[in-house]
Amino acid sequence: MGVSPIDTVLGRRGGVLRLVLELVCGMLTTQDRNNFVLVCQLWREVGEEPRFCYMGILSLTRENLNTIPERLDCRRMRFVRELRVEVGVKVSEEVLQAVARHQGLKKLVMNKINLSTVEKGLMATVVGNLEAVEISQTQLTVQQLEAIITAIGAGDCLVKRLDISRNNLSTVCHSLLASAVNMIEEVNLSGTDLTVQQMEAIMTAIVDGGCLVKSLTVSSNKLSTVNPGLMALAVNSLESISMIARDVTKQHVEAILTQSLDKTSLKCLSLIVSDPFFILDEDLLAKAHLAIRDFKRCGFFLYDTRSESIVTWAT
């Protein structure tokens with residue numbers, strides 16, 4: 001049986017009808033497109049074309065919290081790459097399950113919210129399925145933290161950048177933590193109450209080599225009793241480190257800078273010195289500045305990278 005002219009004109013894959021639907025869909029708001037795809041199969045096919053899909057960043061707020069799971073499961077949301085959660089929003093496990101199912105998401109930002117009631121396995125799955133995760137100051141429990149760290153240390157996670165700052169990691173096994181940290185390219189452990197044993201385990205793993213970590217932030221942790229020689233070797237094995245901790249000693253700073261003259265991978269060093277009464281050797285600072293591309297030292301004496309000299313700075 002032959003194909004009638006009307007079938008050709010109004011065909012599912014082409015013709016005037018589809019062109020009209022594409023024009024209409026292009027003029028609709030996001031909410032209207034959500035309704036558009038519910039009409040029939042043809043309308044759904046048109047509405048779910050990549051050019052009509054939501055792309056980029058999706059924000060989770062108090063107003064849209066209940067609709068997020070359904071929206072993330074919608075094919076029109078398959079190109080969403082980042083989910084940002086509004087500070088203070090109570091995130092349900094239903095939302096996090098939708099996040100875990102979404103195969104296109106690359107980054108999740110949910111800082112300063114309470115995640116302590118989320119099932120530990122789900123928390124570990126969410127972190128492990130994404131490339132970049134920010135979960136700073138989220139009141140994570142010991143069990144959740146151990147599940148996350150264990151999953152990362154096993155080596156089957158996608159995460160490359162992790163900000164888990166302002167969560168208490170002090171009770172996590174030092175060797176487990178060191179293994180996990182060194183499986184990630186960029187890690188923020190600021191204010192995580194790291195013990196000396198944990199800090200030295202992390203640094204030993206870095207010095208031993210074979211690690212992925214390039215950038216490490218350990219500000220607001222107790223660093224004064226960490227072995228200066230070990231710290232110097234570890235710091236100079238990284239590309240970037242931030243140690244804004246007021247108990248970093250002169251011995252630590254001198255060891256780091258002296259090591260940088262011998263061998264360093266550092267491109268950026270940010271640190272603060274605790275003792276306002278000592279002055280580092282000007283020649284050492286000048287040479288370190290040449291070795292380290294971006295050298296920042298905050299305190300009573302600041303090395304000014306613009307004038308390449310030491311200037312007094314009241315803090």
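# A walk through the predicted model

Let's begin at Ala154, which sits in the loop between helix H8 (142-153) and strand E5 (161-163). Keep in mind that you are looking at a predicted model. Color Ala154 brightly: at a relative accessible area of 57%, Ala154 is exposed. Now add Met183 to your selection. Met183 lies 29 residues from Ala154 along the chain, yet their C-alpha atoms are separated by 9.0 Å.

Before going further, zoom out for a moment. The protein chain holds 13 helices and twelve strands. Of its 315 residues, 45% count as buried. Among contacts with a separation of 6 or more, 71% are between residues 24 or more positions apart.

**Stop one: helix H8**

Go back to H8 and click on Ala147, which is found in this helix. Which residues does Ala147 touch, leaving out those up to four places away in sequence? Show Lys120 and Ala124, and you have them. Try a C-alpha to C-alpha distance between Ala147 and Ala124: it comes to 5.7 Å, for two residues 23 apart in sequence.

**Stop two: H8 against H9**

Next, select H9, residues 174-181, and keep H8 on screen. H8 and H9 pack with their axes 8 Å apart, at an angle of about 55°. The two helices are therefore oblique to each other, and H8 passes H9 in a left-handed crossing. To see the contact itself, show side chains for Ile149, Thr150, Ile152 and Gly153 on H8, and for Leu176, Leu177, Ser179 and Ala180 on H9. Color that set by class and you get five nonpolar residues, three polar ones and no charged ones.

**Stop three: H9 against H10**

Stay with H9 and bring in H10, residues 196-208. How far apart are the axes of H9 and H10? The answer is 8 Å, with an angle of about 40° between the helices. H9 and H10 are therefore oblique to each other. This time the crossing is right-handed, as H9 passes H10. On the H9 side, pick out His174, Leu177, Ala178 and Val181; on the H10 side, Gln197, Gln198, Ala201, Ile202 and Ala205 complete the contact. The contact of H9 with H10 is made up of six nonpolar and three polar residues, with no charged ones.

**Stop four: strand E9**

Now for a strand. Select E9, residues 268-272. Is E9 largely enclosed or exposed? Five of its five residues are buried, so the rest of the structure largely encloses E9. Turn on the side chains: Cys268, Ser270 and Ile272 point one way, while Leu269 and Leu271 point the other way, and all are buried.

Add strand E8, residues 240-243, beside E9. The two run parallel and are joined by four bridges. For one pairing to check, look at Ser240, whose bridge partner in E9 is Cys268.

**Last stop: two loop residues with positive phi**

Most residues other than glycine have a negative phi. Here are two that don't follow that pattern. Select Gln137, in the loop between strand E4 (132-134) and H8. Its phi is near 55°, a positive value in a residue that is not glycine. Gln137 is partly exposed, with a relative accessible area of 40%.

Then jump to Ser220, in the loop between strand E7 (215-217) and helix H11 (228-235). Ser220 is not a glycine either, and its phi is positive at about 60°. With 40% relative accessibility, Ser220 counts as partly exposed.

Definitions and conventions:
Residues numbered from 1 in each chain as written. Predicted model: local features only at pLDDT ≥ 70, side-chain atom pairs only at ≥ 80, totals over all residues. Heavy atoms only, no water. Axes fitted to C-alpha atoms, helices over the stretch in contact; angles between N-to-C directions. Parallel < 35°, antiparallel > 145°, perpendicular 65-115°, else oblique. Left-handed = near helix turned anticlockwise from the far one by under 90°. Contact = heavy atoms within 4.5 Å. Nonpolar A, V, L, I, M, F, W, Y, C, P; charged D, E, K, R; others polar. Buried < 20%, exposed > 50% of the residue type's maximum accessible area, 1.4 Å probe, protein only. Pairing = 2+ DSSP bridges.
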